[in-house]
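Subject: Structure for your review

Dear colleague,

Please find below the structure that I agreed to hand over, together with its sequence. My notes on it follow directly after.

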Amino acid sequence: MSKKEFKAESKRLLDMMINSIYTHEEIFLRELISNASDAIDKLAYLALTDQNVGLNREDFAIDLRVDKKLGLLTVSDNGIGMSKDEMEQNLGTIAKSGSLQFKQALDKDQSDVDIIGQFGVGFYSAFMVAETVTVLSKKYGEDEAWMWQSSGADGYTVTPCEKTTVGTEVILKLKADTEDEKYSRFLEQYELQNLVKKYSDYIRYPIRMEMEKSRRKEVPEGEQDEEKEPEWENYTELCTLNSMVPVWLKAKKDVTDEEYDGFYKDKFFDYEKPLAHIPISVEGAVTYKALLYIPAKAPYDFYTKDFKKGLQLYSSGVLIMEHCEDLIPDYFRFVRGVVDTADLSLNISREMLQHNRQLSIISGNLEKKIKQELLNLQKDKREDYEKFFTAFGRQIKYGIVSDYGMHKDALQDLLLFWSAKEQKLVTLKEYVEAMPEAQKHIYFAAGESNARLAQLPQYQRLQDKGFDVLFMTEDVDEFVPRTLMNFMEKDFRNLATDDLDLSTEDEKKAAEAAAADWKDELDFIKTALDGKISKAEISADLGSHPVCLVPEGGMSFEMEKYFKRMNPEMAMPVEKVLRLNPEHPVVQKLKGMIGSDPEKAKQYAQVLYAQGLILADLPIEDAQAYTDLICGLL
Ligand code: ADP
């Protein structure tokens, strides 16, 4: 019996599969089960109109069988089956199958060894684990059965065979174990069970296997003996490995909260229950179901590049992608869940997905749902929302400042900041709505800790006026108001850098006059500090404090520190401005001293400058010199 050659391109693909360099061999099982399920779909469809099929929905099944002695794994189905011609067509060439797309993608990018996980690579994937593949099939409505057999790239044979029932049986003679690869693991019942759970749990037909189990031997009535060790016996039982109906396909009313939570924990390996679940069912331009979760805690690797975002993408219960990134915008990357749509083919590549119209409709949809759910949480379950924000608020803030603020409108309502007045987290809306009539701006201060910020002289001035201040202590915080610029028509004012706009017109005029009056003294102080400040000025905003330091220009000291951490070489030092309170006795004393004792006045200026550093949470440049100076004065 002469062998038939595979078509040229099939041969190349086979070569690749046989000499598999991939880590995902295990997906072969998903592929074979998915083919079996498709074949059953076809016959089940026929059965709807054709009495002769003689099978009901519950008669259909996919069976796994192992023969450990011979190293055989069999996947069989009672689906539509294949005729001789179809075997030649379907298994002898990769022309239209998922394998073709796989091959094309590989040709483009040989380096992406992970690529296989993304594809329906089809029937050929069997050759990643098997040295010989035998397919027995009997097509529905035909009398003869056929056997297709191949040991790889040198070709295949098709011969008549005995098979009584309609359907297909794929028999894999597994490759021998090597040091790196234990193919024999595909003969272990628990391995197979896990693979079915992992990849094919929601196939709508039972996937069954004889499982070996053990149980306590029954002891006949009257012969029980407490002293005696219980005896065990082995038995086998035909088990269904898949659950068949995924929770996300069930109607919301049929699923309890516990079930939703349990599914989340199982599926995403989280021991904590999620803050919220979002079941979604959409029919329209794209028909899909989704089940999304807001986790309660950030995974340990969430803010690293190791974290993989994305939702699981299913096509009618068959997993086609573990982390489909295109379904979820970056700023919602903490969301976990699954999306299932029959509108996508199983054989779609990652590249194709990126430009897929259905997917972009779905992702736009999901984004709105997620935002709505978060706002609901904010409104109805504040404690949970704060938990959420503690875990993922930083991600939301990154979302606001990234892409030139493109997403700020979508995200700003989700923000929480610490209100110094209320002593709790508030939304921007809550802040603005609580503003007294006289307050024109949203005030914020950024620094290491709330305690530190509460000591800012500017803060005390605002506090006296009854104005609230948002305290920001995360490194990304300060960039948020810069990106937002304003909220509900109120602009943001940074306590450290901006004009707080607290004076009346008269007060401003008085200040200008005072500044002119202080000109010589300010020049003296600048010279005395010898390049440490870019200028000295007087200010009415200092409350009871003698001085403060503010940065010159738009960048704050906090940002300077941030950039220094990110890239020490690129960091630009921020110039400092020393502000003096002309009403403060020490400052007045300094003023009086400049004419009479300039040497001492210089020391006073240096001490006041150091105080400014301390209050701004900046290091004293020369601590030794500073303590000497203080001791000298004491
Ligand atoms: P794909 O499933 O993407 O079309 P495959 O290489 O997996 O590509 O399979 C090629 C074809 O072989 C299928 O389209 C189907 O017609 C046929 N086939 C594979 N497995 C079976 C099966 N168990 N029963 C009937 N037909 C099958």
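In what sense do S2 and strand S6 (residues 167-174) pair, and over how many bridges? The pairing of S2 with S6 is antiparallel, and six bridges make it up. Please bear in mind throughout that this is a predicted model.

**The strands around S2**

Strand S2 covers residues 72-77 and is mostly covered, with five of its six residues buried. Within its pairing with S6, Ser76 stands opposite Glu169. S2 is also joined to S1 by six bridges, and these two strands run antiparallel. Here Arg65 is opposite Thr74 of S2. S1 and S2 make a hairpin with four residues between them, and Gly71 in the turn has a positive phi of about 70°.

Ahead of S1 (62-67), the loop that links it to helix H2 (27-49) contains Gln51. With a relative accessibility of 73%, Gln51 counts as exposed. Its C-alpha atom is separated by 39 Å from that of Tyr190, a residue 139 places away along the chain.

**Strand S13**

Strand S13 (residues 336-340) is largely enclosed by the rest of the structure, because five of its five residues are buried. Arg336, Val338 and Asp340 point one way from S13, while Gly337 and Val339 point the other way. This fits a general pattern: in a regular strand, side chains alternate between the two faces of the sheet.

S13 has pairings of both kinds. With strand S10 (residues 288-294) it pairs in the antiparallel sense over five bridges, and Leu292 has Gly337 of S13 as its bridge partner. With strand S11 (residues 311-315) the pairing is parallel and involves three bridges; there, Tyr314 is matched with Asp340 of S13.

**The sheet of S20, S22 and S21**

Further along the chain, three strands form an open sheet in the order S20-S22-S21, with mixed pairing. Its edge strands are S20 (535-538) and S21 (547-551), each of which pairs on one side only. From one strand to the next, the twist averages 30°. S21 and strand S22 (residues 576-580) run antiparallel and are joined by five bridges. Pro551 is found opposite Lys576 of S22.

Is Leu578, a residue of strand S22, buried or exposed? Its relative accessibility is 0%, so Leu578 counts as buried. Beyond its neighbours up to four places away in sequence, Leu578 touches a set of residues that includes Ile525, Leu529, Ile533, Val547, Leu549, Leu608 and Tyr609. The C-alpha atoms of Leu578 and Leu502, which are 76 residues apart along the chain, are separated by 19 Å.

Helix H17 (residues 557-566) has several buried residues, namely Phe557, Glu558, Met559, Glu560, Lys561 and Tyr562. The buried residues of H17 pack against S21 and S22, and also against strand S16 (442-446) and helix H14 (479-484).

**Helices H18, H19 and H20**

Helix H19 lies across S21 and S22, and runs at about 60° to S21. It also packs with two other helices, as described next.

How do H18 and H19 run relative to each other? The axes of helix H18 (residues 585-596) and helix H19 (residues 598-615) cross at roughly 150° and come within 7 Å. The two helices are therefore roughly antiparallel to each other. The crossing of H18 past H19 is left-handed. Among the residues that make this contact are Val586, Leu590, Met593 and Ile594 of H18 and Pro598, Ala601, Tyr604 and Leu608 of H19. Sorted by class, the contact comprises ten nonpolar, two polar and two charged residues.

H19 and helix H20 (residues 623-633) pack at an angle of about 130°, and their axes are 10 Å apart. This angle makes H19 oblique to H20. H19 passes H20 in a left-handed crossing as well. On the H19 side, the contact includes Lys600, Tyr604, Val607, Ala610 and Ile614, and on the H20 side it is made by Tyr626, Leu629, Ile630 and Leu633. This contact divides into eight nonpolar residues, two polar and one charged.

With kind regards

Technical notes:
Residues are numbered from 1 along each chain as its sequence is written. This is a predicted model: local features need pLDDT of at least 70, side-chain atom pairs count only at pLDDT 80 or more; totals for chains, interfaces and linings use all residues. Side-chain values use heavy atoms; hydrogens and water are left out. Axes are lines fitted to C-alpha atoms, for helices over the stretch in contact, and angles run from 0 to 180 degrees between N-to-C directions. Angles under 35 degrees count as roughly parallel, over 145 as roughly antiparallel, 65 to 115 as roughly perpendicular and the rest as oblique. A crossing is left-handed if the near helix is turned anticlockwise from the far one by less than a right angle, and right-handed if clockwise. Contact means heavy atoms within 4.5 Å. Ala, Val, Leu, Ile, Met, Phe, Trp, Tyr, Cys and Pro count as nonpolar, Asp, Glu, Lys and Arg as charged, and the others, Gly among them, as polar. Two strands pair if DSSP finds at least two bridges between them. Buried means under 20% relative accessible area, exposed over 50%, partly exposed in between (1.4 Å probe, protein chains only).
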